[in-house]
Amino acid sequence: MKNFISSRNKYEKCTAKEAIIKGLSKDGGLFVPENFGTEKFDIADFINLSYQEMAYKVMSLFFDDFTKDELETCIKKAYEKNFSSEDISPVSKIGKDYLLELYHGPTSAFKDIALTILPYLLKTAYKDENKKIYILTATSGDTGKAALEGFKNVEGTYITVFYPNKGVSLIQEKQMNTTVGNNVEVVSINGNFDDCQKLVKTCYEKIESSEVQLSSANSINIGRLIPQVVYYFKAYSDLVKKQEIEINEKVNFVVPTGNFGNILAGYFAKVLGCPIDKLICASNENNILTDFIKTGVYDRNREFFTTISPSMDILISSNLERLLFILSDYDDVKIAKYMESLARTGKYVIDRDLLTEIQKTFEAYYCSEEECRATIRDVFNEDKRLIDTHTAVAYAASKKIRNGNKNIILSTASPYKFCNNVLSSLKGYRKKNEFDAMRELENLSGEQAPKNLKEIENIPNLHNKNIEIKDGINIVLERIEKLK
């Protein structure tokens with residue numbers, strides 16, 4: 001049976017089920033598979049598999065304490081009816097490149113692919129019926145709604161989602177605040193996403209309960225990360241089947257990146273045998289990751305920008321810790337020092353050898369606000385397609401790559417989640433009502449907005465709690481008392 005170990009103490013070991021339940025190590029570290037990379041797949045074995053079959057192949061490698069029946073049941077429940085495309089993550093042509101469409105799930109964002117299965121993984125892993133599960137989740141926009149949808153009305157669980165006030169799109173906010181469920185809570189924080197994320201981690205470190213188990217739906221949970229590996233293999237296999245690439249031909253994946261989870265899943269796919277040359281980290285004006293990948297200096301002591309791609313407005317990219325741990329040959333002492341320095345000074349500097357290892361796989365580019373808007377216009381004028389403001393950041397990055405490989409751009413959300421920002425990019429004006437902007441985009445493109453986004457317009461908000469950061473831990477403590 002495979003163990004998972006903490007990035008800050010490799011001697012803390014647990015099974016996959018235990019790692020999924022805990023979400024985060026008590027020392028603040030993230031769980032990483034021990035001896036990662038010792039097993040590889042042959043890409044030829046994926047070409048004719050369905051998405052569900054690929055999901056089983058990948059997840060069974062990591063979650064080997066789940067029985068075959070348990071894992072197949074989780075996969076079936078997650079992917080049988082929740083997606084509008086039978087392919088789950090179809091690939092389409094866009095210009096000279098390819099678009100990996102990750103927005104066909106119940107909340108029209110890529111987080112759906114992992115968060116439709118996580119509740120089933122967690123429920124299967126958790127056997128202690130005397131303890132309730134309390135999910136704490138920070139969101140920069142998309143994770144929140146996807147987590148709420150996944151966990152609403154799940155018996156024995158409760159979920160609180162923290163999001164930055166004025167830091168998500170109006171439709172993202174409306175999606176969260178109209179969620180109906182007897183076990184859901186949505187709270188906005190007067191701060192940014194990093195503040196929300198820090199709050200969740202602080203709760204993990206400071207709160208213990210014999211009756212309530214804290215867990216997470218963020219990508220710090222290994223049960224969120226591993227399901228994302230699947231769509232890299234699926235995209236590659238689809239292009240082989242379409243005869244767009246030869247089998248084993250190297251490709252680049254271009255990923256709009258905030259918390260580093262999505263692109264880290266691509267790294268896992270590469271190590272496991274997916275023929276990936278470069279993983280392109282695309283940042284918006286909060287370009288801390290671009291600077292880091294180029295220099296090895298991670299410094300969040302910089303101006304924070306609120307941009308038109310809000311899900312990427314992040315200065316603390318949690319999943320980067322996992323990559324550093326793996327590439328440093330599991331040097332938990334080094335990683336703990338880096339993370340302590342980040343917490344204390346807002347900065348750390350990695351050694352030259354570690355930076356060299358990162359740069360073997362990762363390249364990074366960033367996109368200004370105007371470049372992002374121009375890209376949305378160019379794509380619509382040239383291809384008659386709408387893309388959202390995060391996909392546009394990745395598309396802009398794809399134009400800067402010079403290694404000659406085909407690029408697969410991860411499209412992480414429907415453009416209709418960011419209607420006014422897309423409309424203003426195309427036409428130079430905004431609508432007072434976000435849903436009026438949605439209708440105008442439908443008229444411009446001839447493409448219908450997803451039903452799940454249209455139907456929330458006339459649903460009244462059910463959640464509207466707004467608090468200061470310092471009060472967040474009290475919200476959690478009060479909820480734990482009620483759950484006992």
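Which elements make a right-handed β-α-β unit with E7 and E8? Helix H7, at residues 170–177, is the piece that goes with those two strands. Here are some notes for a first look around; keep in mind that this is a predicted model.

1. Start at strand E7, residues 157–164. This strand is mostly covered, with 8 of its 8 residues buried. Thr157, Ile159, Val161 and Tyr163 point one way from the strand, while Tyr158, Thr160, Phe162 and Pro164 point the other way. Whichever way you look from E7, then, the side you meet is made of buried residues.

2. Now the neighbour that comes before E7 in the chain. Strand E6 (residues 132–138) pairs with E7 in the parallel sense, over 6 bridges. If you want a spot to zoom in on, try Ala138, which stands opposite Phe162 in E7. To get from E6 to E7, the chain passes through helix H6 (residues 142–151), and this β-α-β crossover is right-handed.

3. Then the other partner. E7 also pairs with strand E8 (residues 184–189), again parallel and over 6 bridges. Here the residue to find is Val161, whose bridge partner in E8 is Val186. With H7 added, E7 and E8 give the right-handed β-α-β unit from the opening question.

4. Next, the enclosed spaces. The count comes to 3 cavities of 30 Å³ or more, and the largest cavity holds about 280 Å³ of space. A total of 24 residues line that largest cavity, and Phe110, Lys111, Gly258, Asn259 and Ser311 are the closest to its centre. Helix H6, met above as part of the E6 to E7 crossover, turns up here too: H6, helix H9 (222–241) and helix H10 (261–271) each supply at least two lining residues. By class, the lining of this cavity has 8 nonpolar, 13 polar and 3 charged residues.

5. The largest pocket is worth a separate visit. About 540 Å³ of space lies in it. Its lining has 21 residues, and those nearest the centre are Lys198, Lys201, Ile316, Leu342 and Ala343. Helix H8 (193–206), helix H12 (320–327) and helix H13 (332–345) each give at least two residues to the lining. The largest share is that of H8, with 7 residues. Sorted by class, the pocket lining comes out as 8 nonpolar, 5 polar and 8 charged.

6. On to the rings. Across the whole structure there are 19 aromatic pairs. One of them joins Phe325 and Tyr330: the ring centres are 4.9 Å apart and the planes sit at 85 degrees, so this pair is edge-to-face. Are these two residues buried or exposed? Phe325 is buried, with a relative accessible area of 0%, and Tyr330 counts as buried as well, at 13%. Elsewhere in the aromatic list, Phe292, Tyr298, Tyr338 and Tyr348 form one cluster.

7. Last, a loop residue. Ile245 is found in the loop between H9 and strand E10 (251–256). Its relative accessible area is 5%, so Ile245 counts as buried. For a sense of its place in the fold, compare Ile245 with Phe36: the two are 209 residues apart in sequence and 28 Å apart in space, C-alpha to C-alpha.

Note on methods
Residues numbered from 1 in each chain as written. Predicted model: local features only at pLDDT ≥ 70, side-chain atom pairs only at ≥ 80, totals over all residues. Heavy atoms only, no water. Buried < 20%, exposed > 50% of the residue type's maximum accessible area, 1.4 Å probe, protein only. Helix = DSSP H or I, 4+ residues; strand = E, 2+ residues; numbered from the N terminus. Pairing = 2+ DSSP bridges. Right-handed = clockwise from strand over helix to strand, strands pointing away. 1 Å grid on protein atoms, 1.4 Å probe; cavity = no way out; pocket = protein on both sides within 12 Å on 5 of 7 lines; lining within 4 Å. Points joined across faces, edges and corners; volume = space filled by probe spheres on them. Nonpolar A, V, L, I, M, F, W, Y, C, P; charged D, E, K, R; others polar. Phe/Tyr/Trp six-rings, centres within 6.5 Å; stacked < 30°, edge-to-face > 60°.
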